[in-house]
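Visitor: I have a model open and a few things to ask about it. Can you put it up so we are looking at the same thing?
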Amino acid sequence: MPLLGLAQLPINGRLNPLLKVSLNIFDSHTVYTMIEQEELRPLYNPWGPITTTIKSNRLVSHTYDSIIFYRWTSPDGVFERGRIMARLVAEMMEKNRRRVWLDQWEMRRDTTSDQVVRQISDIFLCIPKVIILAAPGDWDRFTNADDIHRWEWELSLQSDKKIWILRYGVPETTQAPSKEQLAADLRHHSTRLADLAMKGNIQVRVLTMDNLNSVLIEKLNPDGGLVLVPPACSTLPNKAQKRVIDRLHALNDSIVFAQVCDDGSPIDSLSQDLAYSASKKIDLGYDGVEINIGGPMLQKIIDETSDSSTAVAMILKVVDAVATLVPTDQVGIRLVPFSNVESQQQPLEFFCTLIESIASQLPTLCFVHVVAHARFDDFEYPRNASLDKFRGALASASNSIAFISADAYEPETASTIAARTQDLVAISLPAEVDLNLITTLRQGAPYEVAEATADRLKAIRSTFQTGKEYVLEWPSEQERKVFGAMNDLDRYLGELDPALSYEGTDKKVVWRKSCWFASEGISHPFLDTEKAIAAFDGDLHDGLAGLQALQDPSVRQSMVYLKNVLDSALVTTSAAVGIDKDMIQRCTVRYRIIKYTAHAGNPGGIGLHPDGNLLSALITNGDGLRVYDLDGTVRYPGYNGTIMMGGSTLYRWSQGHYPPTFHDVTTNKDQVKVSIVAFFNFPDLVTIPRALKSGSASDGGFFHDIRVIKEDDKLPHGQLSPLWDVIIDKHQLVLPPAVTAK
Ligand SMILES: O=C(O)CCC(=O)C(=O)O
Ligand SMILES: [Fe+2]
């Protein structure tokens, strides 16, 4: 198949504005960011007492028929395979109208038994059937009682659930063993597992490529285009890869590139290894190769080479080596710059220099593919950070190398960029969730969010209609980073002086250490000048303290990370309650960090209140937050995700449709708790728009003047009084007389 110049790729007879560049079921943006250098640490015995209480969880609102545990445990390369399998099996089952929870929890070598037990037992409560994907290597790991994979088996087999064991990676002719054979097999490695297997309700099946083939082939982009096949696919048997290539070549004008990625081998042999595997890919029938500058070794170079020109030179050497074995116009490179900046390694300029150097050294290179988002399944990630810097860098060095930008674009954004630039634009994350998305869009159908997203939005909406909070849970990788960042804030706040403040409608006295940061909107940077802080609504003292805090590089880094998490939750929740995109962009955010402290023996806390703004996103690392429902229940949201709450402005704007979430905080005197709250609100508007949904006839008589709202909010007998009456009555509260007096 002749290689077409990318710019000539015709889609529906015209130059392609939306190009599917990844074979999404296989895509693997992040796996390589999880490289660890640590040794395997001894882990605790998982069968000790389980102290973790089971929290309300995300599965309850849906009914799933089964769960597939799928863990990735870097960096042995096997995870990638497991992930494809999990995904494909889930799809096979979903075709049969079974709802599958694909549990993609990242397990690390330092994951503790407690975390495993918590996660699994939590999920077990609401799932009738467990599917275990068993790779050939698993058995060998079962002699090690500390192996996290083994705990998972043990917990599963110990449960009263129906278990399906799907073996994969075995020769296609393997017969599924009986339960007895399975137990006998396991007995060589672990008597306990064997005994459990004999007792349990188990079905064993063998999963062959043929089982999967129909799903696999069906999912291949039927419209053709440039398909960048990621490494996971390249690790399939050659026969399977050929099938994929053939299928894609049979489609209109498809060009198929394989992603090649270093396997972590030492730098000396890296260039040769990569060049060799790239040439093998061409022999196999691929039209070209995409070098992923993000595999373990290259990433290590980027992370650890302090001198950036040395790092650039080392990477250039690798790219160059590939280009000696594969024609340069069949070589592209893939970069994921933002994920690096997040963990503060090389600055973005490094990637610009890298792009410029590669482009001038290899002027006939096929493309530079820059991926903006960095997380798997994070399809609502609002960063959409501009890639113009990188575009500019490439343009300054070459006018023939194609630039491909990939992000969680929506069709409008993608079209705008396609119209504004000469670039190829890839919708990556939404297409990963909805595999037919690109085809649908090309056919001119309206953009609809994927079913899973739609379900989530619906769940948020119905929760908010009852005035309750909604918790957007974190994947465990994120959880780890969030708590790391929270510890950092804790450290910083610990050095500030505590201040007394009177909070909540009941004017409870609080001791807290606090400061705030602000931004002009989602994905805007933090305000960085005294003038901007002074102009922003809020107490100046704490605002200036926030400005000071940003001078501390580690606080800044942690805040940037937490901001991303909070912003993402705000975008999702805004979409759920119907705040339109323009408004989302215009709303400002104040991020307050708080450390509750005891003072003179008095515990810290905040009195009962609803927040006054549109939406609040809260991350906290300790107990103390309490939510008062309108139905009289009291709940403690816990801290395994971003807690979303409606505010009184949303209540008014939605004309009473979304009651605000009433909450308070009580911490005892020995307790440490740090919180960060993102208050999302209209920008300096004096009056709020009349109705959340355009076309609403009446405005429900609610105040629209923000200043009036602020005053009114402080009182339980203002516009919120019908709600306060319910709360006071259902929870049998007694507010201080000064507060209740009209
Ligand atoms: O720290 C918390 O858990 C909640 C803080 C809060 O409600 C607020 O600052 O409005
Ligand atoms: Fe609050």
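Guide: It is a predicted model. A place to start is the iron ion (ligand 2), whose donors follow the spacing H-x1-D-x51-H along the chain.

Visitor: Which residues coordinate the iron ion (ligand 2), and through which atoms?
Guide: His 609 and His 663 each use NE2, and Asp 611 uses OD, at 2.1 to 2.2 Å.

Visitor: Is Asp 611 buried or exposed? And His 609, buried or exposed?
Guide: Asp 611 has a relative accessible area of 5%, so it is buried. His 609 is at 13%, so it counts as buried. The cut-off for buried is under 20%.

Visitor: OK, ligand 1 now. Which residues come nearest to ligand 1?
Guide: There are 13 residues around ligand 1, and the nearest are Tyr 596, His 609, His 663, Lys 673 and Ser 675. His 609 and His 663 are also donors to the iron ion (ligand 2).

Visitor: What polar contacts does ligand 1 have? Start with Ser 675: how far is its polar side-chain atom from an oxygen atom of ligand 1?
Guide: For Ser 675 the distance is 2.5 Å. His 609 has a polar side-chain atom 3.1 Å from an oxygen atom of ligand 1. For Asp 611, a polar side-chain atom lies 3.1 Å from an oxygen atom of ligand 1.

Visitor: How much of the accessible area of ligand 1 does the protein cover?
Guide: On its own, ligand 1 has 300 Å² of accessible area, and the protein covers 95% of that.

Visitor: Which elements give two or more residues to the shell around ligand 1?
Guide: Those are strands S18 (588-596), S19 (605-610), S24 (662-666) and S25 (673-681). S25 gives the largest share, four residues.

Visitor: And how do the residues of that shell divide into nonpolar, polar and charged?
Guide: Eight are nonpolar, three are polar and two are charged.

Visitor: Different topic. How many disulfides are there?
Guide: The count is zero. The rule asks for a pair of cysteine sulfur atoms within 2.5 Å.

Visitor: What about Cys 587 and Cys 261: buried or exposed?
Guide: Cys 587 is at 0% relative accessibility, so it counts as buried. Cys 261 is buried too, with a relative accessible area of 17%.

Visitor: Backbone next. Which residue other than glycine has a phi near 55°?
Guide: That is Gln 655, where phi is positive. Gln 655 sits in the loop between helix H25 (648-653) and S24. Its relative accessible area is 25%, so Gln 655 is partly exposed.

Visitor: Where is Gln 732, and what is its phi?
Guide: Gln 732 is in the loop between helix H27 (721-730) and helix H28 (737-740). Its phi is positive, about 50°, although Gln 732 is not a glycine. Gln 732 counts as exposed because its relative accessibility is 69%.

Visitor: Back to the loop between H25 and S24. What does the side chain of Ser 654 reach?
Guide: It reaches the backbone oxygen of Tyr 651, at 3.3 Å. Ser 654 is in that loop. Its relative accessible area is 11%, so Ser 654 is buried.

Visitor: How far apart are the C-alpha atoms of Arg 690 and Ser 654?
Guide: They are separated by 8.8 Å, with the two residues 36 residues apart along the chain. Arg 690 lies in the loop between S25 and helix H26 (706-713). Unlike Ser 654, which is buried, Arg 690 is exposed, with a relative accessible area of 52%.

Visitor: Where does Ala 275 lie?
Guide: Ala 275 lies in helix H10, residues 267-284. It is buried, at a relative accessible area of 5%. Its C-alpha atom is 7.8 Å from that of Thr 324, which is 49 residues away along the chain.

Visitor: Last one, Leu 157. Which helix is it in?
Guide: Leu 157 is in helix H4, residues 148-158. Leu 157 is buried, with a relative accessible area of 5%. The C-alpha atoms of Leu 157 and Val 130 are 9.2 Å apart, and the residues are 27 residues apart along the chain.

Notes. Residues numbered from 1 in each chain as written. Chains lettered and ligands numbered in written order. Predicted model: local features only at pLDDT ≥ 70, side-chain atom pairs only at ≥ 80, totals over all residues. Heavy atoms only, no water. Buried < 20%, exposed > 50% of the residue type's maximum accessible area, 1.4 Å probe, protein only. Donors = N, O, S within 2.8 Å, 3.2 Å for Na, K, Ca; no water. Near = heavy atom within 4 Å. Polar contact = N/O pair within 3.5 Å; in protein donor to acceptor, adjacent residues only side chain to side chain. Areas by Shrake-Rupley, 256 points an atom, 1.4 Å probe, with all protein chains shown as cover. Nonpolar A, V, L, I, M, F, W, Y, C, P; charged D, E, K, R; others polar.
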